[in-house]
Amino acid sequence: MWKLRDVIVAVILALVCGLVFRVWDFVYSILGVSWVPGQGLLNGVWFLAGMLIPYVIRRPGAAIIAELIAAMVELILAGNWGWGGVLSGLLQGLGAEIGFMVFAWRRYDTWSMALAGALAAVGFFPQWLLAYSGISYPASQILGYGIFNIISGAVLGGLLAKWIGDALNRTGVLRNFEIGRQTRAGRSA
Amino acid sequence: MTLSAGGRVNAANVREGLVDFQDVSVTYPDSAKPVLEHIDFQLRRGESVLFLGPSGCGKSTLAMLCAGIIPQSVEAEISGFRHRSDELKQPASIGYVFQDPEAGFCQFHVADELAFGMENKRVERADMALRMEQALREARLPVPLEANHAFFSGGMKQKLAVASALAMNSQFLIFDEPTANLDPASTGIVLNLIDHLHAAGTTMIVIEHKFLPLLDVMERAVLFDREGHIYRTGCARKIVEEEWQWLVDEGVIPPWTKRRHVVVGEKPEDFEDPRRKALALDNPQISYLAEGSTALTPAAFRIENGRLKYGGQPVWENVNIAVPAGKITAIVGPNGGGKTSLLQVLAGLTRLTDGKLWVLGRDGRDWRSRERYQAVTYCFQNPEHQFAYERVIDELANARVKDDVPEHVRHLLRQFGLEGTEEQSPFQLSQGQKRRLSVAAMLRESHDAYLLDEPTFGQDAKTQQAIADKLRELAAAGKTVIFTTHDMDLVQQIAHFTVVLAEGTVLFQGPPADLFASEPVLRQAQLLADSAYRTDQGNEPLQPHVGPMVDTFHQTDRSELPSPWGAHPNPREERASTGKPPFLQRLNPVFLLFATMASGLIAMWSFHLENSALIFALALVVMMVLGRVSPWSIVKGLLPFAIFYLLYVWSLAAYAKPPAGAPTLNFLWVHLSWYGLHQGEVLAMRMLASVTFVLMFLYAVDFPKLMVALMVNLKVPPKFASGTLAGLRVVPLFTEEWRKLRQARQLRGKAGWPWLRPVVYALPLLIQAIRMSERVAIAMEARGMLGVAAESSRGRTYYREAAIHAYDYLTLCLLPAAVLALLLL
């Protein structure tokens with residue numbers, strides 16, 4: 001059950017993630033990776049909102065809402081993907097949400113985070129195939145892209161978000177959020 | 001156990017009980033020991049109670065328990081007998097005024113803020129306007145309902161918080177250190193309002209450090225000890241007089257506070273008291289300066305014709321000061337007078353817009369920044385800005401240490417009472433510990449000058465004393481100390497020299513004794529707590545207040561206000577006030593959202609240059625004609641997008657694989673082709689056309705109105721809509737926090753590469769944002785955003801209308817249809 005504070009924190013973190021996405025857009029274009037599977041390896045950062053926010057507030061729907069808000073912020077900040085970026089947000093959020101749903105929104109550990117990140121990557125894959133003409137590449141490259149995309153989602157998306165969330169949790173500010181509550185419960189158990 | 005136990009039954013004039021707690025203990029999660037233990041507390045209607053005790057004694061906890069915020073919004077384990085009257089159990093039945101005025105708000109305009117609680121209580125729209133007016137009058141805040149409260153001074157914000165509680169018809173108000181952020185004049189305003197509310201029969205709990213003027217206003221005082229027990233309770237004046245020494249020992253009253261007997265109406269601070277003057281002149285250090293011999297002391301810092309502008313707004317000008325070396329100098333003045341900016345100029349963190357600055361005898365521009373930060377150090381008002389490490393011990397050593405903790409670091413730990421916290425995160429410390437840590441870190445290395453921004457702010461008397469002693473020691477060792485403060489007692493206690501910054505310039509500089517002797521200066525700089533206290537008294541009609549109010553309104557330095565989207569007043573609003581708003585702004589925001597979104601998405605499917613250009617032209621015309629957006633604003637808005645899309649044109653022109661036979665121009669790795677150029681143009685124009693609709697939405701949308709429409713028209717649960725709005729309000733704080741973090745890191749030589757900053761700053765920034773959002777959530781729940789009012793859009797009423805007109809539907813159909821037509825052309 002969402003609390004008011006969950007909503008406010010989700011919005012704020014999603015705004016920050018939107019900014020991160022925008023910065024990553026620049027980094028991505030500066031790096032200008034021409035090796036197709038390598039491009040997939042950079043994707044994870046764009047799944048951050050859909051990972052970090054559910055990890056902190058641990059509510060159903062958090063992944064999809066947060067990823068969508070962050071993608072809209074990215075667009076408002078002159079995101080170069082245009083409305084396509086918002087669609088990506090929706091698909092990636094949906095993928096991540098399924099990852100958390102598998103565990104009935106109860107499990108938030110290394111494996112569930114990695115799974116949600118991987119599924120966010122899977123969610124984005126069709127868009128890459130169709131809208132970003134991934135389908136025009138040779139099969140080996142498509143396969144490579146798909147694999148690296150999933151690895152990136154699990155590591156740069158899922159595990160990075162877990163690392164950030166844990167760092168925040170250690171400072172004590174998340175005491176009254178679900179992450180803090182579950183940490184306490186885990187310690188006393 | 002019943003409430004009517006005892007002799008209360010037959011006495012008709014005995015006031016009804018609101019709260020009855022017996023043997024109540026409260027323990028916060030994550031904490032081994034209860035914050036409150038064995039508390040017996042009763043509160044009756046119309047009573048006013050003062051809570052006194054050292055910081056961390058559980059005063060706020062008991063207040064929040066009375067308000068029901070614990071356990072409703074803040075989790076805690078509670079034992080003992082608790083009874084709260086049915087009236088208090090209603091949502092939004094109490095008004096809670098927080099220390100940070102910003103935390104109490106969740107809207108942008110005065111009217112929405114006042115309406116928020118009423119909406120949650122399901123007050124009919126028709127009744128709202130009258131109650132708002134009444135509430136503003138009772139809170140003595142004569143401002144227009146459509147004013148944006150971001151521009152209010154701290155005192156005005158606290159008044160608005162009270163007004164929103166009064167508008168909800170709260171009979172019970174809780175003030176939790178309401179003046180901690182305020183200058184003496186604003187403090188006077190708030191204290192006076194408390195006096196006034198008491199006269200009107202309001203039930204109140206007040207937690208306040210500057211409680212002396214309230215002794216005759218508050219009927220009862222409750223004294224808490226450090227362990228969270230009630231030490232004593234009784235008649236406010238009587239027990240404060242009897243327990244004065246205990247209060248000093250516990251750190252509730254700073255030891256330098258003179259024991260005085262304040263009578264309401266008498267000036268709380270009698271600055272013309274000849275004894276006081278004599279006292280100051282007896283002090284050898286002070287008399288040395290008082291005799292006009294400042295000139296003999298070399299100046300550590302000097303500013304000539306200094307002028308500072310911030311964000312285009314003048315902060316101060318014609319500043320000519322000379323700060324004596326080896327002395328303690330206090331910079332004082334009203335909130336927003338530019339005290340902090342002056343301190344930052346001296347520290348080299350902010351540059352003068354105009355004028356000359358000498359630092360330790362050298363031209364300010366000749367200093368290399370590394371050298372300068374070595375010679376001059378600076379302590380931020382919020383200690384958290386300085387923290388760069390995850391452990392206290394690393395923070396203090398300014399490096400990651402393992403077992404090899406240097407001896408001087410251990411010494412600092414002991415000296416500042418921080419033993420046992422070594423392994424904790426600096427952010428987890430109590431307010432007092434954080435401040436002590438930041439001061440200790442500043443003292444780790446020896447500097448020539450120590451600059452401190454409100455070093456005693458929000459600290460209990462013990463910490464204040466420790467810091468004051470430290471500053472004295474530094475000066476005795478020949479160091480120059482400069483600090484800003486609102487605490488005139490502290491100034492009198494330790495400063496050798498004062499600079500008064502008000503009304504955009506230096507009103508006074510000289511020894512404190514001269515300052516205290518000059519009432520006009522004190523009054524002008526709003527340093528007299530009683531100036532507002534006195535002029536504001538009685539029940540005069542509303543009108544005469546408008547003058548001075550408007551003055552404070554304009555004086556408020558906008559640059560120092562970390563206020564929601566405040567720094568740039570929305571040009572649309574100005575225009576709106578001169579006539580009917582343009583068509584796009586009159587649209588229902590939900591329809592505007594869907595119309596622009598649909599149009600943008602359709603435009604994404606345009607694959608020909610001509611069609612995209614036509615759609616782009618359509619969007620521009622709609623924005624200019626129906627939205628009355630100036631072409632210049634459109635250009636500014638589109639520029640960031642356009643630059644990126646030009647890159648697309650280039651990269652496609654240079655790298656696209658043209659079909660066989662198409663002409664290309666090859667040099668190095670670039671293969672320029674007409675084919676690629678054309679592809680680029682098509683892509684860029686399509687993207688430009690589709691994002692112009694984003695801009696159209698942004699220029700026309702009013703977020704508070706959008707949120708109301710989401711709730712009313714789309715039945716979005718209020719907690720999501722109001723929570724989103726509250727989240728958006730926190731955004732502008734980021735820029736301010738960012739600036740401070742950057743300065744703090746510069747100072748410690750830890751600024752790092754600019755492009756790594758986002759990573760390094762992320763943690764402290766997020767921590768601030770999370771804290772703020774938690775405070776805001778608690779305040780909103782206290783104002784009734786709970787239960788059915790939070791879950792269902794029908795569970796509350798709405799002050800703003802979200803009507804749907806025929807033209808809304810028309811726009812929703814026609815705009816996307818027009819885009820589609822141009823696409824298929």
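The exercises below work through a predicted model of two chains, A and B, each with a solution that goes step by step.

**Exercise 1. Confidence in chain A**

Task: Find the average pLDDT of chain A, and say which of its elements have the lowest and the highest mean values.

Solution: Begin with the chain as a whole, where the average pLDDT is 92 and 99% of the residues score at least 70. Then turn to the elements of chain A, among which helix H8 (residues 178-188) has the lowest mean pLDDT, 87, while helix H3 (residues 49-57) has the highest, 96. As a caution for reading any such model, predicted coordinates should not be read in detail where pLDDT is low.

**Exercise 2. The contact between the chains**

Task: Describe the contact between chain B and chain A by its residues, its buried area and its polar pairs.

Solution: The first step is to count the participants, which are 49 residues from chain B and 39 residues from chain A. The second step is the area: the two chains bury about 3800 Å² between them, and 72% of this lies on carbon and sulfur atoms. The third step is to look for charged pairs, and here the count between chain B and chain A is two salt bridges. Glu774(B) forms a salt bridge with Arg5(A), in which the closest N and O atoms are 2.8 Å apart. The count of residue pairs in polar contact between the chains, with both residues at pLDDT 80 or more, is seven.

The last step is to ask where the chain B side comes from: helices H25 (589-603), H27 (631-655), H28 (674-700), H30 (718-747) and H31 (757-782) of chain B each supply at least two residues to the side that touches chain A. The largest share of that side, 13 residues, comes from H31(B). Sorted by class, the side of chain B that touches chain A has 31 nonpolar, 10 polar and eight charged residues.

**Exercise 3. A lysine in chain A**

Task: Decide whether Lys162(A) is buried or exposed, and name the residues that it touches.

Solution: First locate Lys162(A), which lies in helix H7 (residues 139-170) of chain A. Its relative accessibility is 17%, and because buried means under 20%, Lys162(A) counts as buried. Leaving aside residues up to four places away in sequence, Lys162(A) touches Tyr55(A), Asp109(A), Thr110(A) and Met113(A).

**Exercise 4. A covered helix in chain B**

Task: List the buried residues of helix H29 (residues 703-714) of chain B, and state what covers them.

Solution: The buried residues in this helix are Pro704(B), Leu706(B), Met707(B), Val708(B), Ala709(B), Leu710(B) and Met711(B). What covers the buried residues of H29(B) includes helices H4 (110-120), H25, H28 and H30 of chain B. After the helix comes Lys715(B), whose phi is positive, near 60 degrees.

**Exercise 5. Backbone details in chain B**

Task: Locate Asn169(B) and Glu454(B), each of which has a positive phi, and then find the residues joined by a cis peptide bond.

Solution: Asn169(B), which is not a glycine, has a phi of about 70 degrees and lies in the loop between helix H6 (154-167) and strand E6 (172-176) of chain B. With 45% relative accessibility, Asn169(B) counts as partly exposed. Glu454(B), also not a glycine, has a phi of about 45 degrees, and its place is the loop between strand E16 (449-453) and helix H17 (461-476) of chain B. Glu454(B) is buried, its relative accessible area being 9%. Finally, the cis peptide bond joins Ile70(B) and Pro71(B), with omega about 5 degrees, and Pro71(B) is found in helix H2 (residues 69-72) of chain B.

Notes
Residues are numbered from 1 along each chain as its sequence is written. Chains are lettered from A and ligands numbered from 1 in the order in which they are written. This is a predicted model: local features need pLDDT of at least 70, side-chain atom pairs count only at pLDDT 80 or more; totals for chains, interfaces and linings use all residues. Side-chain values use heavy atoms; hydrogens and water are left out. Contact means heavy atoms within 4.5 Å. Buried area is the accessible area (1.4 Å probe) that two parts lose on being put together, summed over both. A salt bridge is a side-chain nitrogen of Lys or Arg within 4 Å of a carboxyl oxygen of Asp or Glu. A polar contact is a pair of N or O atoms within 3.5 Å; within protein, one must be able to donate a hydrogen and the other to accept it, and residues adjacent in sequence count only if both atoms are side-chain atoms. Helices (H or I, at least four residues) and strands (E, at least two) are DSSP runs, numbered from the N terminus. Ala, Val, Leu, Ile, Met, Phe, Trp, Tyr, Cys and Pro count as nonpolar, Asp, Glu, Lys and Arg as charged, and the others, Gly among them, as polar. Buried means under 20% relative accessible area, exposed over 50%, partly exposed in between (1.4 Å probe, protein chains only). pLDDT is the predictor's confidence in each residue, from 0 to 100.
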